[in-house]
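Me: I'm just getting into protein models and would love a close look at one small part. Could you walk me through it?

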Amino acid sequence: MKKYNVGVIGATGMVGQRFLLLLQNHPYFNVTCLAASANSAGKKYCEAVKKWHLAEPMPEKFKNFIVADASADLEKIAASVDFCFCAVNMKKDEIRELEYAYAKAECPIVSNNSAHRFTDDVPMVIPEVNPEHLDVISAQRKRLGTKRGFIAVKSNCSLQSYVPLLHPLKKFGIKCAAVTTYQAISGAGKTFETMPEICDNIIPYIGGEEEKSEKEPLKIWGEVKDGKIISAKSPTITAQCLRVPVSDGHTAACFVSFEKKPDKQEILKAWAEFSGVPQKLNLPSAPKQFIHYFGEDDRPQPKLDRNTENGMAVCGGRLREDNLFDYKFIGFSHNTLRGAAGGAVLLAELLATENYFD
């Protein structure tokens, strides 16, 4: 595999910081450019970062990088790299225009942002679940008038805690599902120091999160047709999303009913045997075992299980029959690894393997 030169747009934020930890010794990707807002531009990275949010130290190799202006230096950045990761904190319409501008400048964008998740020719990919959606990129390039440039996105971080567990069960005909997510404060870019109101507390509202949780799975389970991704019409999903006093890791309580109810062992077998393209290709960030099921009644737990397979596995537990739905279970994933930067890096590895950056 050739090495690709990579930029990180939004490098000073929490997800940007996570990108740099994941990319500092990556076998495919060599970070050559860090970009952020005009407020950070021209400063050394170690000076531009107001607070380093992660437990692992800032990588030495990036400390003296001079931060570029993501907007003003766009043409220069686009010409200097093979593609960029994007994790900016801006208004949605501003993100949409910025990502389009990079794509039109022939710089592919692998985005952690939500701005293009429902653009119908932008693939929103969980690599183990819907890698075939990358086929829509050719139609997107035609619309944008580009040869190399395109946008690909990862899904909302909370989806990773339950959609990968539902996906192998689709063969039993999922009729409907109800989910409540218990989401870590890092999903809001916060720590306990910067979000004191969460201590000894639960906040029962996260703006826009429930709509994403109900609609994004249907795009993921949709099909590419006539240059667009057509969202699936079923199953019906209803969601509630809560912010809880946990540093990292989103938990989901999921309830599901089927057209043809499987027995418990069939579900456990489907999870244990499920494997996707990243596992077949042995991609660097891919977990060896995508889904880990815990038989103990008190697992999975964020504190114990967030780093399963370097934070890239999805965990399940407490599968049992329900007296309203067919079954209920607990799902869990690391929100800034599998759910954010790690998921985007895995998506980029898949894109690189399929030659989308060439």
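What is the relative accessible area of cysteine 46?

Reply: This is a predicted model, where local features need pLDDT of at least 70, side-chain atom pairs need 80 or more, and totals for chains, interfaces and linings use all residues. Numbering starts from 1 along each chain as its sequence is written, and side-chain values use heavy atoms, without hydrogens or water.

Cysteine 46 comes out at 34%, so it's partly exposed (between buried, under 20%, and exposed, over 50%, with a 1.4 Å probe and protein chains only). Does that sulfur have a partner? Its closest cysteine sulfur is in cysteine 33, but they sit 16 Å apart, so that's too far for a bond. Cysteine 254 is another story for exposure: at 1% relative accessibility, it counts as buried. Still, cysteine 254 is also without a bond, because the closest cysteine sulfur, in cysteine 176, is 10 Å away. Across the structure you'll find 0 disulfides (pairs of cysteine sulfurs within 2.5 Å).

Now for the pockets (open sets of points on a 1 Å grid where a 1.4 Å probe fits, with protein on both sides within 12 Å along at least five of seven lines; lining residues have an atom within 4 Å of a point). The largest has a volume, the space filled by the probe spheres, of about 1,300 Å³. Among its 50 lining residues, Ala87, Val88, Asn89, Met90 and Asn113 are closest to the centre. The second largest pocket holds about 300 Å³. Its lining has 19 residues, with Arg18, Leu54, Ala55, Glu56 and Asp248 nearest the centre.
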